[in-house]
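User: I should like to learn how to read the features of a protein model one by one. Could we work through an example together?

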Amino acid sequence: AHDVKTVGRLGGGDRDGKMSEIKKKIQSILPGGDWNPLYDTSHLPPESSDVVIVGGGVLGLSVAYWLKKLEKPRGAIRVLVVERDHTYSRASTVLSVGGIRQQFSVPENVQLSLFSIDFLRNINEYLAVADDPPLDIQFNPSGYLLLASEKGAAIMENNVKVQRQEGAKVCLMSPEQLRNKFPWINTEGVALASYGMEHEGWFDPWCLLQGLRRKVQSMGVLFCRGEVTRFMSSSNLMKTASGEEVNLKRIHEVHVKIDQSLEYQPVECAIVINAAGAWSGQVAELAGIGKGPPGTLQGTKLPVELRKRYVYLWHCPQGPGLETPFVIDPSGTYFRREGLGHNYLGGCSPTEEEEPDPGNLEVDHDFFQDRVWPPLAQRVPAFETLKVRSAWAGYYDYNTFDQNGVVGPHPLVINMYFATGFSGHGLQQAPAVGRAVAEMVLEGHFQTINLSSFLFSRFYSGEKVQEHNII
């Protein structure tokens with residue numbers, strides 16, 4: 001009634017124009033008309049999806065890619081990726097330093113990285129999209145150089161033995177050999193070094209993220225900008241072989257809160273992939289994981305927390321030469337060469353006692369001066385003259401239990417699968433982890449790389465996957 005009165009008060013020309021608009025809208029709704037709804041629903045998720053992936057970083061996108069790549073027949077699986085930060089401004093992926101290495105102590109980690117580097121070096125065979133330009137991952141194969149003190153030398157020797165058994169090309173270097181190859185390094189306190197001769201270095205994380213996103217969209221994967229706020233599930237009381245009663249839950253609906261809205265959209269689903277990175281512990285809690293009595297499987301939480309680390313870009317008038325590898329010092333300080341000229345990217349992993357406040361992405365510049373610069377200058381005398389140009393902080397998914405990934409289904413919430421908890425090396429292993437999760441979803445078991453030791457159940461049994469090279 002209000003609209004009619006308003007039109008009635010308009011002048012002749014205005015009234016005719018207004019009525020003409022109304023007639024056009026009415027005609028557009030009639031059969032054969034070109035209906036343009038007043039409320040655009042294109043940003044809403046679908047009412048149902050076979051798989052809902054919570055988290056649209058490289059791990060979530062990699063799972064989506066491999067689900068579509070391995071599905072039989074083609075187009076059989078509907079996949080929805082829910083990501084709340086469509087700009088990826090807070091995403092671990094784009095705030096990473098982009099390194100990749102095979103120098104781990106756990107065989108599964110070596111295998112994951114070996115596959116992933118093959119994926120990156122042949123990225124256009126995997127992620128090419130018709131009529132789109134090829135991807136340039138900007139892989140720089142300068143290698144990783146890990147330094148060990150006398151105390152860590154035996155561990156390094158054993159690690160290299162494991163790496164070689166898995167097919168990685170890594171050599172050990174004495175302090176003298178180290179000085180000959182990298183004369184800019186001060187070898188004081190170094191008893192042994194290991195150097196990756198192939199398939200190690202760094203690449204462009206943003207290129208991998210965008211390449212995966214472009215590819216999965218071409219494969220029919222759906223995207224939604226929003227936040228998962230609730231899971232609706234059903235449960236069945238079951239008895240274990242020991243006679244213990246447990247509740248087996250199955251998620252059948254995901255509630256997605258749409259960005260810039262108070263409303264949510266329910267999405268029916270068969271499978272949920274928790275690839276929410278630093279926030280995956282919160283997503284697990286939404287599904288009731290860890291809410292049972294302490295000491296029971298139902299009371300076992302996903303031990304993944306949000307942590308923050310700093311990265312610094314600096315300039316040094318007289319720095320190391322072109323063959324600078326990614327250097328890991330016993331102090332936990334690392335650095336690598338960045339681009340042309342004398343620019344270096346580096347950082348430091350704080351200890352538990354000095355963990356930075358994860359509440360924001362502000363950088364503590366005193367931390368560089370007090371904690372990062374002294375060991376850098378001690379290890380590389382030329383760095384006495386360096387000056388910080390810029391710095392940033394990034395989040396990562398820190399597994400407080402054993403700092404290794406969580407892959408595969410939850411034992412009680414039987415249709416929630418994990419791809420999280422990699423504590424800083426998820427980006428470099430994402431191509432292989434996505435494939436492993438897809439194999440578990442589609443086939444019910446790992447096929448290419450056996451990641452059974454990375455299952456959630458180890459948090460209840462107390463069986464740690466002990467990695468001696470977490471950086």
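**Reading a buried arginine and its surroundings**

Analyst: In this predicted model, the side chain of Arg101 reaches the backbone oxygen of Gln103 at 2.6 Å. Arg101 is placed in the loop between strand E3 (99–100) and H4.

User: Is Arg101 buried or exposed?

Analyst: Burial is read from the relative accessible area, and a residue under 20% counts as buried. Arg101 has a relative accessible area of 2%, so it is buried.

User: Which residue, 44 positions along the chain from Arg101, can be compared with it by C-alpha separation?

Analyst: That residue is Leu145; the C-alpha atoms of Arg101 and Leu145 are separated by 9.9 Å. For the protein as a whole, one may take the contacts between residues at least 6 apart in sequence: 73% of them join residues at least 24 apart.

User: How should the packing of two helices be read, and at what angle do H4 and H11 pack?

Analyst: One reads the angle between the helix axes, and 65 to 115 degrees counts as roughly perpendicular. Helix H4 (residues 107–121) and helix H11 (residues 426–443) pack at about 100°, and their axes are 7 Å apart. H4 is therefore roughly perpendicular to H11.

User: Which residues form this contact, and how do they divide by character?

Analyst: From H4 come Asn109, Leu112, Ser113, Phe115, Ser116 and Phe119, which meet Gln428, Gln429, Ala430, Pro431, Ala432, Val433 and Arg435 of H11. The residues of this contact comprise seven nonpolar, five polar and one charged.

User: Let us turn to the backbone. Where is there a cis peptide bond?

Analyst: The angle to inspect is omega. A cis peptide bond joins Lys72 and Pro73, with omega about -5°. Pro73 belongs to the loop between helix H3 (58–70) and strand E2 (79–83).

User: What is the phi of Gln138, and what is that of Gln403?

Analyst: Here the sign of phi is read together with the residue type. Gln138, a residue other than glycine, has a positive phi near 55°, and it lies in the loop between helix H5 (123–127) and strand E4 (144–148). Gln403 is not a glycine either, yet its phi is positive at about 60°. The loop that holds Gln403 runs between strand E15 (387–399) and strand E16 (406–409). With a relative accessible area of 18%, Gln403 is buried.

User: How many helices and strands does the protein have, and what percentage of its residues count as buried?

Analyst: The protein has 12 helices and 17 strands. Of its 471 residues, 51% count as buried. The protein exposes about 22,200 Å², of which carbon and sulfur atoms supply 50%.

Technical notes. Residues are numbered from 1 along each chain as its sequence is written. This is a predicted model: local features need pLDDT of at least 70, side-chain atom pairs count only at pLDDT 80 or more; totals for chains, interfaces and linings use all residues. Side-chain values use heavy atoms; hydrogens and water are left out. Axes are lines fitted to C-alpha atoms, for helices over the stretch in contact, and angles run from 0 to 180 degrees between N-to-C directions. Helices (H or I, at least four residues) and strands (E, at least two) are DSSP runs, numbered from the N terminus. Angles under 35 degrees count as roughly parallel, over 145 as roughly antiparallel, 65 to 115 as roughly perpendicular and the rest as oblique. Contact means heavy atoms within 4.5 Å. Ala, Val, Leu, Ile, Met, Phe, Trp, Tyr, Cys and Pro count as nonpolar, Asp, Glu, Lys and Arg as charged, and the others, Gly among them, as polar. Buried means under 20% relative accessible area, exposed over 50%, partly exposed in between (1.4 Å probe, protein chains only). Accessible areas come from the Shrake-Rupley method with a 1.4 Å probe; for residues, only the protein chains shown count as cover. A polar contact is a pair of N or O atoms within 3.5 Å; within protein, one must be able to donate a hydrogen and the other to accept it, and residues adjacent in sequence count only if both atoms are side-chain atoms.
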